[in-house]
Amino acid sequence: MGLFKSSHDRKIERDIEIRKGVASLRRNIRDLGKHEHSYIDKAKRAKKIGDKEQLGFLKRMRERQLLSIETAVQIKTQAESDADFARSMGAVAKSISEVYGATDFAKTQKNFEKAMMQAETLQQQMDVFLEMSNDHVMSGEVEGENEIISDAEIDRMLDEEVEHEEEKGVGNEIEKGLKDIQDELDKEGK
């Protein structure tokens with residue numbers, strides 16, 4: 001039933017009907033060509049009675065009908081294309097509208113102002129902290145201020161650290177070697 005068909009199904013049915021009409025007209029024109037001798041005889045008779053262009057008239061009439069349907073199909077196709085264009089533009093307009101509608105400038109401005117106030121408060125707190133730190137450093141309350149380490153002391157500590165790391169590396173190598181030997185013994189024992 002036509003009532004329960006989708007618009008897509010109805011469009012397909014219309015396209016089929018149009019194609020049937022075009023095919024029918026083309027068939028009629030071909031038939032006119034097949035029966036050309038018959039029409040020529042009829043045209044001769046028509047000439048005798050004063051109607052010498054009967055064959056041309058019949059052909060032109062069928063060709064005009066085909067041209068009319070082809071033009072109508074072209075207009076239909078253009079209308080569908082225009083409708084697609086209008087739907088696309090509508091979708092774009094809706095999308096743009098949603099973007100601007102979703103943006104609450106008053107709320108954005110309020111959030112911005114709040115963030116700026118928080119940044120300013122944080123900056124003030126940082127300034128107070130730096131002033132306090134500076135006061136402690138300048139007043140000489142830093143631990144170990146009088147303890148100065150000589151270059152020789154620094155070199156000795158670095159040498160000790162290097163020696164410790166080398167001993168640790170040698171120990172690791174010995175441990176790895178022992179593990180490899182144990183693994184080899186385990187393989188042979190199996």
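In the predicted model, a nonpolar surface patch of about 490 Å² is built from Val170, Ile174, Leu178, Ile181 and Leu185. One of these residues, Ile181, belongs to helix 5, which spans residues 151-189. A second patch, negative in character, comprises Asp151, Asp155, Asp159, Glu161, Glu163, Glu165, Glu166 and Glu167. Among its members, Glu167 is likewise placed in helix 5.

Helix 5 also carries a salt bridge. Glu160 pairs with Arg156, with a separation of 2.4 Å between the closest N and O atoms. Both residues lie in helix 5, where a spacing of four residues corresponds to about one turn of the helix. Glu160 has a relative accessibility of 44% and counts as partly exposed. Arg156, with a relative accessible area of 38%, is also partly exposed. Both values fall in the range between the limits of 20% for buried and 50% for exposed residues.

Across the whole structure, a search identifies nine salt bridges. One of them joins the side chains of Lys11 and Glu80, at an N to O distance of 3.7 Å. Because Lys11 is located in helix 1 (residues 7-34) and Glu80 in helix 3 (residues 54-102), this pair ties together parts of the chain that are 69 residues apart in sequence. Lys11 is partly exposed, its relative accessible area being 28%. For Glu80 the corresponding value is 23%, and this residue is partly exposed as well.

Glu80 takes part in a further salt bridge, in which its side chain meets that of Lys76 at 2.9 Å, N to O. Glu80 and Lys76 are four residues apart in helix 3, so about one helical turn separates them. Lys11, Lys76 and Glu80 are thus linked in a network of salt bridges. Within this network, the contact between Lys11 and Glu80 connects helix 1 with helix 3, whereas Glu80 and Lys76 are both in helix 3.

With regard to overall architecture, the chain contains five helices and zero strands. From the N terminus on, the order of elements is α-α-α-α-α. The chain has 190 residues, of which 5% are buried; under the criterion applied, burial requires a relative accessible area under 20%.

Prediction confidence was examined for the chain and for its elements. The mean pLDDT of the chain is 76, and 76% of its residues reach 70 or more. Confidence is lowest in helix 2 (residues 36-48), where the mean is 64, and highest in helix 4 (residues 105-139), where it is 82.

How values were computed. Residues numbered from 1 in each chain as written. Predicted model: local features only at pLDDT ≥ 70, side-chain atom pairs only at ≥ 80, totals over all residues. Heavy atoms only, no water. Patch = residues over 30% accessible without salt bridge, like charges linked within 9 Å, V, L, I, M, F, W, Y side chains within 5 Å. Areas by Shrake-Rupley, 256 points an atom, 1.4 Å probe, with all protein chains shown as cover. Salt bridge = Lys/Arg side-chain N within 4 Å of Asp/Glu carboxyl O. Helix = DSSP H or I, 4+ residues; strand = E, 2+ residues; numbered from the N terminus. Lys, Arg positive; Asp, Glu negative; His and termini not counted. Charge placed at Lys NZ, Arg CZ, Asp CG, Glu CD. Buried < 20%, exposed > 50% of the residue type's maximum accessible area, 1.4 Å probe, protein only. pLDDT = per-residue confidence, 0-100.
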